[in-house]
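Here are some short exercises to work through with the structure open beside you. Try each task before reading its solution.

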Amino acid sequence: MVDLEIRHTEQYGRGLYTRGKISCGTEVLREEEPFVHVLARVQQGTRCDWCLVESHSLSRCAQCKSTWYCGINCQRNDWLQHKAECKGITAIQPHVPTDTMRLVVRALQKNRGKSMESLCSVKDHLDVTAKEKVAEQLLGVKALLKEDFDGGWSYDIMCKLLCNTFNICDDEMTAIGAGVYIQCSQLNHSCDPNCVVLFAGKTLTVRAIKDIPTGDQLHISYVDLVDSYVDRTSQLKRVYGFLCVCGRCLVEEEEEETVEVTKELEFRQSLKATQDWEGVLRCHQLSPHYSIVLDWEGVLRCHQLSPHCSIVLDWEGVLRCHQLSPHCSIVTAIKDSELTFEAQLGLGMWGKAAETASKLVDLYRRCLFQYHPLIGLTLMKLGKLQRLEGNMQQLKASISSLTQAVHCLGITHGPSHPLTREAMEMLMDSNLELNRS
């Protein structure tokens with residue numbers, strides 16, 4: 001069991017510190033359940049609203065018909081939080097509350113014991129625009145609660161939720177819901193963290209991704225570490241009311257003032273409009289037969305491509321990505337490659353997808369730290385794709401990728417995590433196939 005303590009400092013306020021050395025890969029916080037949580041609206045009907053497990057056999061709430069459960073036990077467990085919102089959701093139909101509104105209602109119902117008193121708040125950091133957005137959400141909360149609505153209390157709760165809500169992610173690191181975790185909320189932010197947060201359903205675990213000396217503070221990241229320094233800083237200031245002063249940010253701040261400005265100017269000057277207007281027009285409503293599309297590069301590299309390749313969502317992205325400047329930043333390269341990779345997988349272009357996955361691993365390693373869930377996950381996908389090639393050279397490459405994946409996932413997820421075990425099984429199968437050849 002890791003020995004931790006809460007300390008208060010002038011620079012960081014409250015924080016969680018270790019009383020002893022923690023080795024890389026150690027489980028720091030184990031299996032914390034959310035105080036309150038909601039399944040993302042876009043996931044409803046595909047996952048259980050209580051345990052968040054994906055299922056093809058779900059039953060929905062007979063009253064509001066908006067929440068779905070994989071069994072009677074999950075529905076009973078969720079009833080304490082769902083009871084108040086159920087009546088409200090039914091009353092405002094066909095209007096649908098936002099995930100934030102539902103989370104506030106659930107927190108209000110469960111917080112009668114004042115369990116959220118220890119959480120920090122952004123009440124004193126909100127600007128006029130942020131206050132207006134909060135007011136809009138509270139109008140929805142009022143519609144759900146009606147006579148039980150308490151404006152002052154609801155405002156206080158929402159200001160706590162704004163800076164203490166975690167995106168609950170699946171194994172693909174895709175957000176499927178949101179939740180409040182009281183213990184994990186004691187961890188402060190760094191853009192160069194020594195810990196990472198992972199989920200199994202709605203259960204949260206924190207693992208060390210670096211060796212942490214005795215007395216050091218534990219840090220996680222509140223933002224997407226693939227984002228640029230400017231974007232990370234903007235989000236931290238807007239949502240949490242502070243700026244990160246970690247070593248990475250101090251270095252990138254200096255670089256931003258010099259190199260990045262020059263690169264952006266060169267990027268804009270070198271950008272060329274696409275020449276294949278027919279291909280662009282045909283991309284707008286992409287044929288399900290794919291054969292009439294002329295501009296594959298433009299489609300694959302567009303800013304946001306539908307997972308089912310049915311419609312291009314961002315025309316500015318198509319024009320911008322068609323002939324991408326070699327001076328583009330690493331952040332742009334990562335975002336572009338991630339979307340390209342998804343499109344190639346959707347189209348069954350396994351060889352091209354393997355090339356893009358290999359590029360992504362290199363980009364992640366340049367942008368992130370040594371151990372990160374995205375690196376392990378991408379290495380695992382790369383190993384699977386290389387094995388599909390069916391030749392000896394790619395089989396050996398697959399073994400190399402999967403070996404690295406197992407090592408990385410063992411640190412970030414732990415050796416007993418389903419993803420780690422899956423990667424180990426794939427590695428064993430690849431080795432057996434090599435020995436038979």
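**Exercise 1: A charged pair between two loops**

In this predicted model, the side chains of Asp192 and Lys210 form a salt bridge, with N and O 2.6 Å apart. Task: find where Asp192 and Lys210 lie, and work out what the pair ties together.

Solution. Start with the loops: Asp192 sits between β9 (188-189) and β10 (195-200), while Lys210 sits between β11 (203-208) and β12 (219-220). The two residues are 18 apart in sequence, so the salt bridge ties together separate parts of the chain. Next, check accessibility. Asp192 has 36% relative accessibility and therefore counts as partly exposed. Lys210, at 25%, also counts as partly exposed.

**Exercise 2: Further salt bridges**

Task: how many salt bridges does a search of the whole structure find, and which parts of the chain do Arg47 and Asp170 link?

Solution. The search gives 21 salt bridges. One of them joins Arg47 to Asp170, with the closest N and O atoms 3.8 Å apart. Arg47 is in the loop between β4 (36-39) and β5 (59-60), and Asp170 is in the loop between β7 (165-169) and β8 (175-180), so the partners are distant, 123 residues apart. Both Arg47 and Asp170 are buried.

Now turn to Arg19, which meets Glu5 in a salt bridge at 3.1 Å, N to O. Glu5 belongs to strand β1 (residues 4-9), and Arg19 to the loop between β2 (13-18) and β3 (27-32). With 47% relative accessibility, Arg19 is partly exposed.

**Exercise 3: Cysteines**

Task: decide how many disulfides the structure holds, then look at Cys74 and Cys246.

Solution. The structure has zero disulfides. For Cys74, the nearest cysteine sulfur belongs to Cys70 and is 3.7 Å away; a disulfide would need the sulfur atoms within 2.5 Å. Cys74 is buried, at 13% relative accessible area. For Cys246, the nearest cysteine sulfur is that of Cys244, 3.5 Å away, and Cys246 is in no disulfide either. Cys246 is buried too, at 11% relative accessibility.

**Exercise 4: A patch and the confidence**

Task: which residues make the nonpolar surface patch of about 250 Å², and over which residues is the pLDDT below 50?

Solution. The patch is made by Tyr12, Val245 and Leu250. Leu250 is located in helix α6 (residues 247-270) and is partly exposed, at 43% relative accessibility. As for confidence, the chain averages a pLDDT of 84, and 83% of the residues score at least 70. The pLDDT is below 50 over residues 271-328, a stretch with 88 contacts in the model beyond near neighbours in sequence.

Conventions: Residues are numbered from 1 along each chain as its sequence is written. This is a predicted model: local features need pLDDT of at least 70, side-chain atom pairs count only at pLDDT 80 or more; totals for chains, interfaces and linings use all residues. Side-chain values use heavy atoms; hydrogens and water are left out. Patches are made of residues with over 30% relative accessible area and no salt bridge: like charges are joined within 9 Å, nonpolar side chains (Val, Leu, Ile, Met, Phe, Trp, Tyr) within 5 Å. Accessible areas come from the Shrake-Rupley method with a 1.4 Å probe; for residues, only the protein chains shown count as cover. A salt bridge is a side-chain nitrogen of Lys or Arg within 4 Å of a carboxyl oxygen of Asp or Glu. Helices (H or I, at least four residues) and strands (E, at least two) are DSSP runs, numbered from the N terminus. Buried means under 20% relative accessible area, exposed over 50%, partly exposed in between (1.4 Å probe, protein chains only). pLDDT is the predictor's confidence in each residue, from 0 to 100. Contact means heavy atoms within 4.5 Å.
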